[in-house]
Amino acid sequence: MKRKKSVFIFSEMPSDITRTENAGMLILAVLSGLCSVLQIYAVSGFINTALRSVHNSLFRPELFLKLSLLLLTVAVDWLAPRVSAVLRQKAELKLLREYRPRMLEKCAALKYIHVERPDSQDLIHRVLKEPERNWQDIWQAVLALLKLLISITGVMSVIAGYVWWAAGLILLFCIPLFVLSVKGGKINFQTSRDTSHYSRKYWYLDHVLNSRECLNERKLFGYTEKVNRQYADTYQEAFGIETKTQVFWAVKTKLSGGLSAIAALLIVITLIQPTLSGKISIGLFISLVNAVFLLTNQMSWGLSRNIDTLVRGNEFCRDMRAFWELPEEEGVLEPPQYVKNIEEIIFRNVCFQYPGTDHKVLENVSFTMKMGKNYALVGVNGAGKTTIIKLLTGLYSDYSGEILIDGRELRSYPSSEQKGIFSVVYQDFCRHALTFKENCEISDPCHKLSEEKMVKLAEQFDLVRRIERFPEGYDTLLGKTREGGVDLSGGQWQKLAMVRALLRPAKVRILDEPTASLDPKMESEIYRLFQEMTKDTLTILVSHRLGFARLADEIIVFENGKIREQGGFQRLMQKKGLFYAMYEEQRSWYQ
């Protein structure tokens with residue numbers, strides 16, 4: 001059994017960001033705790049002075065002093081949590097501005113395997129779910145327990161001066177409350193961990209049921225009822241796990257409340273005799289009874305809640321540590337460095353299998369690509385085409401064999417240079433809710449955008465007429481996520497993705513089935529247009545549809561992770577092998 005690493009909460013907290021706010025909340029918690037003890041004497045003094053004044057029918061000037069002290073403690077006790085709430089909001093805002101970006105940078109720097117592993121995605125989902133609130137919940141729980149400790153110590157000190165064993169009784173009742181709270185906190189967080197997989201799934205299903213992007217398919221295929229059932233089933237599984245925890249919590253709180261009530265009653269009973277004998281004044285008795293009931297109530301609910309928060313916080317810290325310990329790609333966040341020239345790319349006996357699997361996706365793959373030529377990687381889905389692109393662009397580096405760029409192994413290039421070599425348009429390209437111009441700028445954020453080149457490319461891809469109808473031209477917000485946004489058609493979004501790729505000054509340009517949603521004739525036309533604009537680069541075109549292959553200088557045919565055929569279009573057609581058979585099956589698409 002793997003032993004858990006111990007975690008010290010304070011070593012994991014991002015306290016460097018919220019040092020001032022945390023210090024302010026600490027001071028307020030200490031003052032509030034001291035005030036709760038001082039209130040015992042303030043209430044006692046005021047009541048005793050008032051009773052003496054009534055008994056002697058004589059107004060005592062010190063009554064104002066006692067009343068002022070009482071009002072001061074009440075004011076501090078009332079004001080402290082409200083000022084603390086303001087400081088907490090400021091702390092959460094700071095964490096949102098400074099800590100969350102660090103976490104997002106960490107996500108961007110992770111090895112690509114963690115993008116595809118469900119357990120890593122569950123972990124990321126948990127730690128990114130309101131980390132600012134979680135950190136402040138932990139700190140507030142620490143402060144609440146500190147205040148409670150000061151209050152307990154103060155009240156016990158006062159009581160111990162009159163009935164020493166009553167103080168021990170309070171401690172005795174604290175032990176089972178503490179044990180129950182720790183156990184409940186662990187169960188609560190484990191529940192959160194167990195349901196994180198389900199919650200990710202039902203949030204996705206909720207998106208399918210409610211998002212604008214899925215609206216047309218919902219209406220066309222009428223799958224709403226089926227997805228509703230899946231959503232309900234998934235939610236019910238998570239609900240069942242959470243319900244067990246809530247039952248335990250209810251039993252625990254009832255038991256805690258019962259123990260606290262018994263403790264308070266016993267303490268009050270023990271104070272009656274010293275009060276009747278005159279050892280304890282009437283004012284002190286009333287003040288102590290009030291303090292004991294408040295204290296036991298805090299021990300019943302506050303102690304349980306705050307220890308529960310700390311235990312869950314400790315588990316959250318374990319997750320956070322595990323998150324920060326996830327391996328990163330070295331230099332992945334560095335800006336791209338563009339190479340001046342590339343002559344050739346060589347795959348030599350490359351084998352690869354995805355981590356955690358035994359199946360070889362690529363097996364002894366060897367081929368050469370030259371600068372200034374167009375290459376088409378073709379084959380059925382799952383043949384290994386996209387895996388070639390993932391290796392080439394550095395998403396995975398644990399392959400055997402060699403990938404050489406001008407004689408230098410790809411893995412020896414710094415990440416910044418690897419990024420500078422390639423420009424890629426993927427099948428699942430992003431539709432950024434930015435302006436048209438901003439969509440183009442992110443292709444090369446380190447350098448100023450050439451607006452002249454952007455306009456020229458927009459003209460070549462037949463986008464200018466659409467842009468001219470935009471209310472603010474190239475500065476018009478795209479998409480419908482914000483008010484005033486203008487949406488594009490699917491084909492126009494794809495053209496914009498290609499404009500973005502062409503604006504990047506990379507020497508190798510890759511299209512990995514980005515036009516799969518277009519009809520075959522339109523796909524071939526876009527590939528032709530793209531190739532005309534990339535004559536001075538090395539272009540790699542990937543698709544399982546073969547009409548575009550006519551445009552390629554060389555076609556590489558994959559099947560089951562191996563290269564089955566390679567050559568020009570005419571040569572492969574004359575050979576009448578695998579490519580010929582595949583093309584003949586699709587010929588009617590292009591006629």
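Tutor: In this predicted model, strand 6 gives the most to the lining of the largest pocket, with five residues.

Student: What other elements supply at least two residues of that lining?

Tutor: Besides strand 6 (422-426), they are helix 3 (62-109), helix 11 (385-392), helix 12 (415-421) and helix 16 (490-503). The full lining comes to 47 residues, and Thr393, Leu395, Lys419, Val424 and Tyr426 lie nearest the centre of the pocket. About 1,800 Å³ of space lies inside.

Student: How do the lining residues divide into nonpolar, polar and charged?

Tutor: There are 26 nonpolar, ten polar and eleven charged residues. Tyr counts as nonpolar and Lys as charged, so among the residues nearest the centre, Tyr426 goes with the nonpolar group and Lys419 with the charged one.

Student: Let's stay with helix 11. What makes you call helix 11 largely enclosed by the rest of the structure?

Tutor: Seven of its eight residues are buried, so that description follows. The buried ones are Lys385, Thr387, Ile388, Ile389, Lys390, Leu391 and Leu392. Right after helix 11 comes Gly394, with a positive phi near 85 degrees.

Student: Which other residues have a positive phi, although they are not glycine?

Tutor: Asn349 is one, with phi at about 50 degrees, and Asn364 is another, with phi near 50 degrees. Asn349 sits in strand 1 (residues 344-352), while Asn364 belongs to strand 2 (residues 362-370).

Student: Why is Asn349 called partly exposed?

Tutor: Set its value against the cut-offs: buried means under 20% relative accessible area and exposed means over 50%. Asn349 has 44%, which falls in between, so partly exposed is the label.

Student: And Pro81, how do you know which class that one goes into?

Tutor: Pro81 has a relative accessible area of 41%. That value is also in between 20% and 50%, so Pro81 is partly exposed too. Pro81 lies in helix 3. Its C-alpha is 8.2 Å from that of Ala29, though the two are 52 residues apart in sequence.

Student: Then what puts Glu21 in its class, buried or exposed?

Tutor: The value for Glu21 is 3%, which is under 20%, so Glu21 counts as buried. This residue is found in helix 2 (residues 19-56). Leaving aside neighbours within four places in sequence, Glu21 is in contact with Leu87, Lys90, Ala91 and Lys94.

Student: Now for helix 19. How do you know where its buried residues fall around the axis?

Tutor: First, who they are: Phe579, Met582, Tyr583 and Gln586 are the buried residues of helix 19 (residues 578-586). Looking down the helix axis, they fall within an arc of 95 degrees, so they line one face of the helix.

Student: What covers those buried residues of helix 19?

Tutor: The cover includes strand 3 (374-378), strand 9 (554-559), strand 10 (562-567) and helix 18 (569-575).

Student: Zooming out, how many helices and strands are there in the chain, and what share of its residues count as buried?

Tutor: You get 19 helices and ten strands, and 47% of the 591 residues count as buried. As for the contacts with a separation of 6 or more, 74% are between residues 24 or more positions apart.

Student: What makes up the accessible surface?

Tutor: Carbon and sulfur atoms hold 57% of it, out of about 30,800 Å² for the chain.

Technical notes:
Residues are numbered from 1 along each chain as its sequence is written. This is a predicted model: local features need pLDDT of at least 70, side-chain atom pairs count only at pLDDT 80 or more; totals for chains, interfaces and linings use all residues. Side-chain values use heavy atoms; hydrogens and water are left out. Helices (H or I, at least four residues) and strands (E, at least two) are DSSP runs, numbered from the N terminus. Buried means under 20% relative accessible area, exposed over 50%, partly exposed in between (1.4 Å probe, protein chains only). Contact means heavy atoms within 4.5 Å. Accessible areas come from the Shrake-Rupley method with a 1.4 Å probe; for residues, only the protein chains shown count as cover. On a 1 Å grid over the protein atoms alone, a cavity is a set of points where a 1.4 Å probe fits but cannot get out, and a pocket is an open set with protein on both sides within 12 Å along at least five of seven lines; lining residues have an atom within 4 Å of a point. Grid points are joined across faces, edges and corners, and a volume is the space filled by probe spheres set on the points. The arc is that of the directions from the helix axis to the C-beta atoms.
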